[in-house]
Amino acid sequence: MSAVIHDKKGSTSGKKILLYVMALFAIPVAAAVFLYLTGWRPTGAENHGQLIQPVRQIEDRVLQTLDGKSVRFGELRGKWTMVYFGSSSCAAKCLKNLYEMRQVHTGLGKESDRVQRVLIVTDSNTVAALEKKLSNYPGMRVWTGEQTVLSALAQNFGIAPEKFLQNEAIYLIDPMGNLMMRYPQGSDPIGMRKDLTRLLKYSWVG
């Protein structure tokens, strides 16, 4: 009987040790998320983009790929995400922004797997021509949707309906789906990369 009791105590002790080990990993992660959400930044940090305060949760919406497959905006959670809204014609400014997003992404080196790029196409007038233009941007998600859905999504990003088609900013979303940075047209891509590098360094999420 005593041997059986000893085994139970050993099993209980093992479970306690496992819980302690799990807590050691969980507490720093929870603390990092809390500090980030409450606006803490490392001393001396300077943002090169426009910080969104307070951060804004981007709602999950149903969109489509260019070939008509349904996707959800919520699928982007889990990684840092650069988002750009552009028309299907994707003229010079649009291509410049896509190029800079690609260069920033590539410049992150081994950390690039923690970041993704998304182009939200605001219309479907010249999709065939757009697909050809995007051949130089592998790995980028390209989504579109119904105009009512796109308009609601744009407003969630803080883009006024009358400025939707003229918007040229690049947006940064954190792995939890919060919009946190905006980079207006003409922002320095080197500064954007520095922001992302710092966020990836201090972030325990994504």
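Throughout this tour, buried means under 20% relative accessible area, exposed means over 50%, and partly exposed lies in between, with a 1.4 Å probe and protein chains only. The model is predicted, so local features need pLDDT of at least 70 and side-chain atom pairs count only at pLDDT 80 or more, whereas totals for chains, interfaces and linings use all residues. Residues are numbered from 1 along each chain as its sequence is written, and side-chain values use heavy atoms, with hydrogens and water left out.

**The whole chain**

Begin with the complete protein in cartoon view, where there are five helices and eight strands; helices (H or I, at least four residues) and strands (E, at least two) are DSSP runs, numbered from the N terminus. Followed from the N terminus, the elements run α-β-β-β-β-α-β-α-β-α-β-β-α. Of the 206 residues in the protein, 39% are buried. The protein exposes about 11800 Å², of which carbon and sulfur atoms supply 58%; accessible areas come from the Shrake-Rupley method with a 1.4 Å probe, and for residues only the protein chains shown count as cover. If contact is taken as heavy atoms within 4.5 Å, residues 24 or more positions apart account for 72% of the contacts with a separation of 6 or more.

**The sheet**

Next, select the eight strands, which form an open sheet in the order 1-8-7-4-5-6-2-3 with mixed pairing; two strands are taken to pair if DSSP finds at least two bridges between them. The edges are strand 1 (50-57) and strand 3 (70-72), each of which pairs on one side only. From one strand to the next the twist averages 35°, where axes are lines fitted to C-alpha atoms, for helices over the stretch in contact, and angles run from 0 to 180 degrees between N-to-C directions.

Now select residues 62-65 and 141-144, which are strand 2 and strand 6, and which pair in the antiparallel sense over two bridges. Within this pair, Gln-64 has Thr-144 of strand 6 as its bridge partner.

Add helix 2 (residues 92-107), which packs on the sheet and touches strand 4 (80-86), strand 5 (115-121) and strand 7 (170-173), its direction making about 170° with that of strand 4. Then add helix 5 (residues 189-202), which also packs on the sheet, touching strand 4, strand 5, strand 7 and strand 8 (178-183), with a direction at about 150° to that of strand 4.

**A residue of strand 4**

Centre the view on Met-82, which is found in strand 4 and is buried, with a relative accessible area of 1%. Which residues are in contact with Met-82, leaving aside its neighbours within four places in sequence? The list includes Met-101, Val-104 and His-105, then Val-115 and Val-118, then Ile-170, Tyr-171 and Leu-172, and also Met-192 and Leu-196. Arg-117 is in that list too; the C-alpha atoms of Met-82 and Arg-117 are 4.9 Å apart in space, although the two residues are 35 apart in sequence.

**Charged pairs**

Show the charged side chains next, counting as a salt bridge a side-chain nitrogen of Lys or Arg within 4 Å of a carboxyl oxygen of Asp or Glu; by this rule there are five salt bridges.

- Select Glu-100 and Lys-96, whose closest N and O atoms are 2.6 Å apart in a salt bridge. Both residues lie in helix 2, four residues apart, about one turn of the helix. Glu-100 is buried at 11% relative accessible area, while Lys-96, at 40%, counts as partly exposed.
- Select Arg-114 and Glu-111, which form a salt bridge with the closest N and O atoms 2.9 Å apart. Arg-114 is buried at 17% relative accessibility, whereas Glu-111 is partly exposed at 27%.
- Select Asp-195 and Arg-198, whose side chains meet in a salt bridge at 3.2 Å, N to O. Both lie in helix 5, three residues apart, about one turn of the helix, and Asp-195 is buried, with a relative accessible area of 1%.

**Two backbone details**

Finally, turn to the backbone at Gln-53 and Pro-54, where the peptide bond from the former to the latter is cis, with omega near -5°; Pro-54 is found in strand 1. The last stop is Cys-90, in the loop between strand 4 and helix 2, whose phi is near 35°, a positive value in a residue other than glycine. Cys-90 is buried, with a relative accessible area of 0%.
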